[in-house]
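Biologist: I'm new to this one, so could you walk me through it slowly?
Modeller: Gladly; let's bring it up on screen and start at one small spot.

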Amino acid sequence: MYPLDVAKTRLMLQVSKGAVEDQYKSIFDVFRRIIKEEGPTRLYRGILPPIMVEAPKRAIKFASNDTYAPMYMRLFNKDKLTQSLAIMTGVSAGVTEAMIVATPELVKIRLQAKENAGRYSGTMDCVRKIYAEEGLKAFANGLEATIWRHALWNGGYFGSIFGIKKLMPKAESKKGELAVNFVSGAIGGTIGTTLNTPPDVVKTRIQNHNPAKGPAPYTTFLAGARTIIKEEGVRALYKGYIPKVLRLGPGGGILLVVYDQVTTYMRTHFM
């Protein structure tokens, strides 16, 4: 799925101020031009940081959600989870998750961006140069927008799953349960992606900003969203949405199915 993430980043970084012939026209144009102009291996440039953080990120996502749920139930004196509490736990899990992914995301974005093709030779070279040229604080660039991104995705994802499962027929077999998890997770992933694409666009641009080009035009989500709407229109906040939803829609379904299967196995055999 990683080439979809590269395509998403390339599209999000395109600043559309008038007609620009060199801009990517679609997701397929991104793939075609990267392969033709840069070589097929560029579709996997920057994959090391997400590989290193993916497992702990997913673990924190679900562990945090499972931890916040009973905490909020006690806080609001509820004996079972409600729709509003499901959204709250998801948002809280997203904020927690954002804390560990902001820096790897920044490194990944720098490596994926077309203009940085000759600037960094690899992941560690990218880390060294960011530290040498921009200082330690640079690794926190985009953290606030990252929190928005993950809070909205997790709130939409877990909140949607709670509601969708209530609407679907009760599963009467293990296969039926898998189907319910996949469908509700895929819909939740699509809803989460729709909610969090604007902060993702802003985050991506903040993290790719090169200080050598001057002060950053914005450093927070709301300021960035206002600037992008003013200069490029509302639609610009949804650049990269297609490759993003193609990855995270079905990915949300797979995520929930795998989580349910793994935790069920662990509870049966180790707890």
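**Walking through the model**

Modeller: Helix 5 is followed by Gly135, and the phi of Gly135 is positive, near 90°. Helices here are DSSP runs of H or I with at least four residues, strands are E runs of at least two, and both are numbered from the N terminus. Keep in mind that this is a predicted model, where local features need pLDDT of at least 70 and side-chain atom pairs count only at pLDDT 80 or more, while totals for chains, interfaces and linings use all residues. Residues are numbered from 1 along each chain as its sequence is written, and side-chain values use heavy atoms, with hydrogens and water left out.

Biologist: OK, and how many residues does helix 5 have?
Modeller: Helix 5 covers residues 123–134, which is 12 residues, and it reaches 16 Å from its first C-alpha to its last, close to the 16 Å expected at 1.5 Å a residue. That expected span is 1.5 Å times one less than the number of residues.

Biologist: Which residues of helix 5 are buried?
Modeller: They are Thr123, Asp125, Cys126, Ile130 and Glu134, where buried means under 20% relative accessible area, exposed means over 50%, and partly exposed is in between, using a 1.4 Å probe and protein chains only. These buried residues cover an arc of only 155° around the axis, which puts them on the same side of helix 5; the arc is taken from the directions from the helix axis to the C-beta atoms.

Biologist: And what covers them?
Modeller: The cover over the buried residues of helix 5 includes helix 3 (48–75) and helix 4 (83–112). The face turned away from that buried side carries the exposed residues Met124, Arg128, Tyr131 and Ala132.

Biologist: What does Tyr131 touch out there?
Modeller: Tyr131 counts as exposed at 51% relative accessibility. Setting aside neighbours within four places in sequence, Tyr131 is in contact, meaning heavy atoms within 4.5 Å, with Leu136 and Phe139.

Biologist: Switching to helix 8, which of its residues are buried?
Modeller: Phe221, Gly224, Ala225, Ile228 and Glu232 are the buried ones, and because they fall within an arc of 100° when seen down the axis of helix 8, they line one face of the helix. They pack against helix 6 (143–167) and helix 7, whereas Arg226 and Lys230 are exposed on the other side of helix 8. Just after helix 8, Gly233 takes a positive phi of about 95°.

Biologist: Which residue that is not a glycine has a positive phi?
Modeller: One of them is Asn77, with a positive phi of about 55°. Asn77 sits in the loop between helix 3 and helix 4 and is exposed, with a relative accessible area of 70%. As background, most residues other than glycine have a negative phi.

Biologist: Back to Glu232: which side chain makes a polar contact with it?
Modeller: That is Arg205, whose side chain makes a polar contact with the side chain of Glu232 at 2.6 Å. A polar contact is a pair of N or O atoms within 3.5 Å; within protein, one must be able to donate a hydrogen and the other to accept it, and residues adjacent in sequence count only if both atoms are side-chain atoms. Arg205 belongs to helix 7 (residues 174–208), is buried at a relative accessible area of 11%, and has a side chain that also reaches the backbone oxygen of Met12 at 2.8 Å.

Biologist: How many salt bridges does the structure hold?
Modeller: The structure holds 25 salt bridges, each being a side-chain nitrogen of Lys or Arg within 4 Å of a carboxyl oxygen of Asp or Glu. Lys8 forms one with Asp5, with the closest N and O atoms 3.4 Å apart, and another with Asp200 at 3.1 Å. The pair of Lys8 and Asp200 links distant parts of the chain, since Lys8 is in helix 1 and Asp200 in helix 7, 192 residues apart.

Biologist: Last one: where does UniProt place the Solcar repeat?
Modeller: The unreviewed UniProt entry places "repeat: Solcar" at residues 1–71, 81–167 and 176–265; UniProt positions follow the numbering used here, feature names are shortened, and annotations may be inferred rather than shown by experiment. Over residues 81–167 the chain is 77% helix and 0% strand, and over residues 176–265 it is 78% helix and 0% strand.
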